[in-house]
Structure formats: C-alpha cells, structure tokens
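Biologist: Hey, can you walk me through this one? Let's begin with the vocabulary.

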Amino acid sequence: MAETDEKQAGAKPEARVYDVVIIGAGIAGLSAAIYTTRERLSTLVLEKLYPGGQILTTARVENYPGFPDPIGGMELADRLSRQAQRFGAEIVTSAPVDRLVPCRQDGCTFTDVFVGETRRRGRAVILCVGSEYRKLGCPGEKELTGYGVSYCGTCDAPFYEGKHVVVVGGGNTALDEGLHLLKFVRRLTYVVLDPEFRAEKILLEELANHRDKVATHFESTVTEILPGTAAVESWRAGTRPARGVPDGGTKKVAAVRMKHIRTGEETEVACDGVFVFIGLEPQTAFLKGTLDLDPRGFIRTDACSLRTSLPGVWAAGDVRTGSLKQAATAAGEGVVAALGAKEYLKRQHGVRART
C-alpha cells in the first residue's frame with residue numbers, strides 16, 4: 001500500500017504520536033511493551049479483547065521459564081500486563097484494529113492505526129495479533145477448553161501421564177503432536193475426517209511403531225465433547241445439565257461422541273482429554289493488501305530482525321510465518337521486535353531512550 005501524505009489523508013490525527021504502537025496484548029505484545037517502555041519509548045498497546053491472548057485458555061502453564069510450579073494462564077497474563085503498565089505502557093482493551101495506513105509527515109515515515117474512526121499514530125508498529133486455533137464448533141468444546149480440551153500437545157502432554165486422549169486431525173501437526181503425546185499417554189485415539197492420514201511418510205512410519213497404543217477412526221468427526229461422569233449419565237437419561245458444569249464433579253472431559261460421515265453411525269469413546277489439531281487462522285484479515293502475507297495469511301518477516309515488508313513495522317508471535325507457537329518463543333520474538341524498533345527509531349526519527 002502506498003504511503004499517504006498527512007494533508008491527503010483528510011482525517012485529523014490524534015493529538016499524541018506514540019513512539020511504538022503494539023497491536024495485540026498476548027505474550028508477544030506484552031513482552032515487547034515491557035522492553036519498549038523500559039527504553040522510555042512511549043508505547044500504546046491496542047487489544048481487541050483482554051490482555052493475554054491464547055494463554056488465557058490454558059488452565060496450567062508448566063513450561064514457561066522462571067516458574068518452577070505451574071501457573072495459570074490468566075495469572076501469567078495479568079503479571080505481564082501489570083509489569084508493562086508499571087514501566088508506562090498504555091493498554092487499551094476492546095480496541096480491534098481495522099487497518100494500517102502508512103503516511104509521511106515532515107519527511108518522516110509514520111503508520112496510522114485505526115480502530116473504527118479513531119486514529120493513533122506510531123513512529124513504529126509491532127504486530128502481535130496472533131492466530132486462533134481452528135475450532136470443532138461442537139457442544140462442550142468451548143466450555144471445556146483448558147479443562148481437558150487443548151490445542152497444544154507440546155504444552156499439555158505431561159498432564160496426561162498414563163491416560164487416554166483423543167486427537168482430532170490427520171495432518172502433519174496432528175501426527176507430530178500425537179507422537180509427542182505418546183511419550184506420556186497410555187492410549188491415543190485419532191479422529192480423522194479424511195479416509196486416511198494426510199501427513200508426511202516419515203511421520204506415518206514413526207506412528208506405526210506405536211500401533212499397540214493407537215486407535216484410529218477415519219471419515220469421522222467429533223460431534224460432542226462430554227464432561228464429567230455424572231454429567232454423561234444424566235445426559236444419557238435425557239437430563240442435560242449446563243454445558244461444562246458436571247453434576248457434582250470436577251470440570252473435566254469424560255468422553256467424546258463421534259459420527260461416521262458416510263454411514264452416520266455414532267460412537268461414544270471415554271477419554272481423559274481431547275487435543276484438536278485442525279489448523280490455525282491468523283488474525284490478519286485487516287492487513288491484506290498492506291504488507292506481505294504468506295498463502296495462509298501469516299505475516300512474512302525477516303527471519304532475524306522480524307521486520308515486515310512495511311517500513312517501520314515488525315511482527316512477533318503466532319501471527320508470524322515460521323513461529324513455533326510457544327509462549328516462551330512468543331516472548332522472545334516480542335523482545336527482538338522491540339529492540340529492532342528501538343534501533344529503527346534512533347536511526348529514522350532521532351528518538352533515543354529517555355532517561
């Protein structure tokens with residue numbers, strides 16, 4: 001997208017120009033904000049919902065460095081948010097960004113960030129808008145997310161030591177994550193929409209080494225995730241309690257109900273957890289035509305600096321092509337982007353860390 005001169009833009013700019021505007025307050029965005037604000041760069045964080053991003057759906061986090069005991073995803077997000085605010089970050093929630101518009105003023109490049117008709121201007125912008133796991137959309141999924149429904153085997157596999165889990169999906173990610181789960185679980189059941197796996201041959205060969213622990217249901221789809229033994233029994237009797245609130249029991253997964261797409265036959269399988277690997281959807285619809293995206297919609301960046309194709313704009317975390325989709329790596333990418341923005345501001349705008 002071509003840069004727009006301030007006079008041509010036809011809209012009155014906000015009174016304040018920020019050194020850095022960060023879009024998204026997940027782990028990457030909050031980590032970036034901690035570093036930019038510690039450099040005394042004026043920083044605005046725009047978040048469409050609440051600070052935390054995907055980590056809010058994780059009941060227990062065990063693999064984030066510095067926490068020897070499990071920490072709740074909400075607590076981790078709250079700590080990062082308070083840390084960024086302590087150094088001076090301004091965090092605005094319920095602020096979904098509609099578009100970016102590059103512009104020039106007094107010979108310098110800026111980026112206008114729009115939330116509806118409200119415009120903020122940044123000397124540098126860091127995109128941390130993340131991606132969302134593609135959902136099954138079946139009853140019980142939303143209510144039990146974080147309580148037995150997961151979208152990350154690498155994150156949550158240790159919680160299922162010696163248990164039985166269901167994996168939904170048949171591509172590379174489903175098999176790769178399933179193989180990791182098999183290091184912990186007693187048994188694993190795949191539910192695959194296609195007539196066969198769509199994964200690389202090497203993954204299929206490795207999975208074959210675990211055939212005694214793996215069951216498969218091809219041409220099938222999960223139609224319901226059932227919580228708590230007491231709830232399952234009452235549902236069978238025709239009395240359905242509130243979703244995700246088992247009768248007198250702990251909120252947890254007890255079974256899945258699946259359906260064969262050709263025969264219509266329904267099957268119920270008892271299990272301790274459900275892992276869903278049916279793809280990711282980057283939150284980049286508002287960026288199409290503005291900067292370089294890969295065919296799936298993820299943001300292409302320089303591998304080292306995390307710069308995007310748009311001058312003065314970086315991307316970090318799950319939204320970036322090549323991201324490892326882990327909380328710890330998202331934090332690191334946020335830091336890399338923040339330090340890159342700092343050096344850019346020093347060179348292009350003469351902005352230096354304030355003391």
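Modeller: Sure. Ala, Val, Leu, Ile, Met, Phe, Trp, Tyr, Cys and Pro count as nonpolar, Asp, Glu, Lys and Arg as charged, and the others, Gly among them, as polar. This is a predicted model, where local features need pLDDT of at least 70 and side-chain atom pairs count only at pLDDT 80 or more, while totals for chains, interfaces and linings use all residues. Residues are numbered from 1 along each chain as its sequence is written, and side-chain values use heavy atoms, with hydrogens and water left out.

Biologist: Cool. So what does the lining of the second largest pocket have, by class?

Modeller: That lining has 16 nonpolar, twelve polar and six charged residues. A pocket here is an open set of points on a 1 Å grid over the protein atoms alone where a 1.4 Å probe fits, with protein on both sides within 12 Å along at least five of seven lines, and lining residues have an atom within 4 Å of a point.

Biologist: What volume does the second largest pocket have?

Modeller: About 800 Å³. Volume is the space filled by probe spheres set on the grid points, which are joined across faces, edges and corners.

Biologist: And which residues lie nearest its centre?

Modeller: Of the 34 residues that line the second largest pocket, T173, A174, F277, I278 and G279 lie nearest its centre.

Biologist: Which helix or strand gives the most to that lining?

Modeller: α6 does, with six residues. Both α6 (172–181) and β13 (220–227) supply at least two lining residues each. Those names come from DSSP runs, numbered from the N terminus: helices are H or I with at least four residues, strands are E with at least two.

Biologist: Is β13 mostly covered or open?

Modeller: Mostly covered, since six of the eight residues in β13 are buried. Buried means under 20% relative accessible area, exposed over 50%, and partly exposed in between (1.4 Å probe, protein chains only).

Biologist: How many bridges join β13 to β14?

Modeller: Seven, and β13 and β14 (residues 253–260) run antiparallel. One bridge to find on screen pairs T221 with K259 in β14. Two strands count as paired if DSSP finds at least two bridges between them.

Biologist: New topic: in what order do the strands of the open sheet come?

Modeller: Five strands, in the order β9-β16-β10-β11-β12, with parallel pairing. β9 (149–150) and β12 (214–217) are at the edges with a single partner strand each, so one side of each has no neighbour in the sheet.

Biologist: What about β11, is that strand enclosed or open?

Modeller: Largely enclosed by the rest of the structure, because four of its five residues are buried. Five bridges join β10 (residues 164–168) to β11 in parallel, and four bridges link β11 (residues 187–191) to β12, also in parallel. For examples, V168 has V191 of β11 as its bridge partner, and T189 has A215 of β12.

Biologist: Now cysteines. How many disulfides does the structure hold?

Modeller: One. That disulfide joins C152 to C155, at 2.2 Å from S to S, and the cut-off for a disulfide is a pair of cysteine sulfur atoms within 2.5 Å. The torsion about the S-S bond is about 70°, so the C152 and C155 disulfide is right-handed.

Biologist: Are C152 and C155 buried or exposed?

Modeller: C152 is buried at 7% relative accessible area, whereas C155 is partly exposed at 21%. As for other cysteines, C271 is buried at 4% and C304 is exposed at 68%.

Biologist: And where is C138 found?

Modeller: In the loop between β8 (131–133) and α4 (141–144). C138 is buried too, with 10% relative accessible area. Now compare sequence and space: C138 and R257 are 119 residues apart in sequence but 9.9 Å apart in space, C-alpha to C-alpha.

Biologist: With which side chain does R257 make a polar contact?

Modeller: The side chain of E268, at 2.8 Å. A polar contact is a pair of N or O atoms within 3.5 Å; within protein, one must be able to donate a hydrogen and the other to accept it, and residues adjacent in sequence count only if both atoms are side-chain atoms. R257 belongs to β14 and counts as buried, at 17% relative accessibility.

Biologist: Last one: in which strand is T109?

Modeller: β6 (residues 108–115). T109 is buried at 12% relative accessibility, and its side chain makes a polar contact with the side chain of R104 at 2.8 Å.
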